[in-house]
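Subject: Structure for you to look at

Dear colleague,

I am passing on the structure we talked about, with my notes set out below it. Please open it alongside this message and follow the notes in order.

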Amino acid sequence: MQHIKFIFWLLPSIFFPNNMNKNLDKNSVLFCYGKLKANNVKNYKYVVLESLNFSSKEIKDIKQNNNKNVLSYISLGEVNSNAIHYNKLKNSTLGKNSNWDSYYLNLKDKKTREVLIQLIKDNLNKGFDGMFLDNIDNFTQFGPQKDDKYELISFLKSLKKMFPNKVFIQNAGLELLDQTHKQIDGVVLESVATSYSFKDKKYQLKDKKSFDIYIKKILAYKQKYNIKFIFIEYADSKSLYDKVTKRLLKYNIDYFIGKIDLQTIPNYLK
């Protein structure tokens with residue numbers, strides 16, 4: 001998931017018969033990078049927000065609404081041209097991700113690390129319980145920042161040492177879990193059951209063979225590291241939505257579904 005300002009909603013329980021969803025906490029997680037009213041955010045285990053959209057008081061109010069972990073978004077791999085720290089880092093970035101109008105960060109650069117640490121401090125001082133760390137997959141063997149892998153791992157260790165009581169959840173980067181699992185509290189994975197083509201703007205269900213291989217791999221990681229997983233799936237129709245839910249229902253993993261931009265709640269979720 002690249003630098004995003006999207007709304008992620010877990011699937012409402014109304015779509016599932018009681019005998020099918022008894023092992024799933026479908027309403028336990030909320031991602032929202034848009035503006036929400038604090039009194040509309042209640043009873044979540046994890047809430048992930050865009051810090052710029054909320055005051056310290058609003059964050060406090062959200063935490064008082066029986067929300068256990070209220071986290072702020074940050075990308076450790078990229079910076080969007082609209083981000084508040086873009087001007088500080090634009091001269092030390094490594095290239096552009098044209099899909100999301102974002103620029104690759106250079107974690108080997110001391111200033112980049114300092115700016116990210118300060119941004120995290122500011123967010124935590126604002127009242128957040130931790131951070132959602134995006135673009136961790138950028139540092140894997142096929143990622144654009146694969147040469148910064150050890151800088152990322154060192155950075156995560158520094159975060160955990162500086163903020164031992166805060167919650168950190170990484171996005172993707174499965175192959176790094178052997179070195180990151182002690183520094184984080186959970187993993188988000190996108191497109192486990194679905195796929196989206198940026199070229200064709202097409203949503204579809206991933207073929208069953210590919211899905212079976214991937215889910216087997218994920219469950220092995222889940223058992224090995226005893227870590228929480230959350231899935232993000234993409235669909236643009238009720239028909240595809242139903243196929244995704246049918247495929248995922250038997251797994252005891254939280255997930256949510258939306259369109260690729262996730263700016264609004266799809267009609268089939270209303």
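Among the contacts in the chain between residues at least 6 apart in sequence, 64% join residues at least 24 apart. Please bear in mind throughout that this is a predicted model. The chain holds 8 helices and 14 strands, and of its 270 residues 54% count as buried.

I spent most time on helix α5, which runs over residues 149-162 and, with its 14 residues, reaches 20 Å from its first C-alpha to its last, close to the 20 Å expected at 1.5 Å a residue. The buried residues in α5 are Leu152, Ile153, Phe155, Leu156, Leu159 and Lys160. They cover an arc of only 160 degrees around the axis, which puts them on the same side of α5. The general background is that an α-helix has 3.6 residues a turn, so residues three or four places apart point the same way. On the face of α5 turned away from its buried side you will find the exposed residues Tyr150 and Lys161.

What covers the buried residues of α5? The cover includes the helices α4 (110-125) and α6 (177-180), together with the strands β8 (130-134) and β9 (167-171). Of these I looked further at α4, which packs with α5 at an angle of about 35 degrees, the two axes being 12 Å apart, in a crossing that is right-handed. On the α4 side the residues that take part are Arg113, Leu116, Ile117, Ile120 and Lys121, and they meet Phe155, Leu159 and Met162 in α5. By class, this contact has 6 nonpolar and 2 charged residues, and no polar ones.

A further contact with α5 residues comes from Gln183, which lies in the loop between α6 and β10 (186-190). Gln183 counts as buried because its relative accessibility is 13%, which is under the 20% cut-off. Leaving aside residues up to four places away in sequence, Gln183 touches Leu156, Lys157, Lys160 and Phe168.

Returning to α4, that helix also contains Val115, and this residue, at 14% relative accessibility, counts as buried. Val115 touches His85, Lys88 and Leu89, again not counting residues up to four places away in sequence. Val115 and Lys88 are 27 residues apart along the chain, yet their C-alpha atoms are separated by 7.7 Å.

Leu89 itself is found in helix α3, residues 86-89, and with 0% relative accessibility Leu89 counts as buried. Besides Val115, Leu89 touches Leu105, Lys111 and Thr112, with residues up to four places away in sequence not counted. Leu89 and Val79, which are 10 residues apart in sequence, lie 8.2 Å apart in space, C-alpha to C-alpha.

Finally, there is helix α8, residues 238-248, where Leu240, Tyr241, Val244, Thr245, Arg247 and Leu248 are buried. Seen down the axis of α8, these buried residues fall within an arc of 160 degrees, so they line one face of the helix. Their cover includes the helix α7 (208-225) and the strands β11 (194-197), β12 (202-205), β13 (228-234) and β14 (254-258).

With best wishes

Definitions and conventions: Residues numbered from 1 in each chain as written. Predicted model: local features only at pLDDT ≥ 70, side-chain atom pairs only at ≥ 80, totals over all residues. Heavy atoms only, no water. Helix = DSSP H or I, 4+ residues; strand = E, 2+ residues; numbered from the N terminus. Expected span 1.5 Å × (residues − 1). Buried < 20%, exposed > 50% of the residue type's maximum accessible area, 1.4 Å probe, protein only. Arc of directions from axis to C-beta. Contact = heavy atoms within 4.5 Å. Axes fitted to C-alpha atoms, helices over the stretch in contact; angles between N-to-C directions. Left-handed = near helix turned anticlockwise from the far one by under 90°. Nonpolar A, V, L, I, M, F, W, Y, C, P; charged D, E, K, R; others polar.
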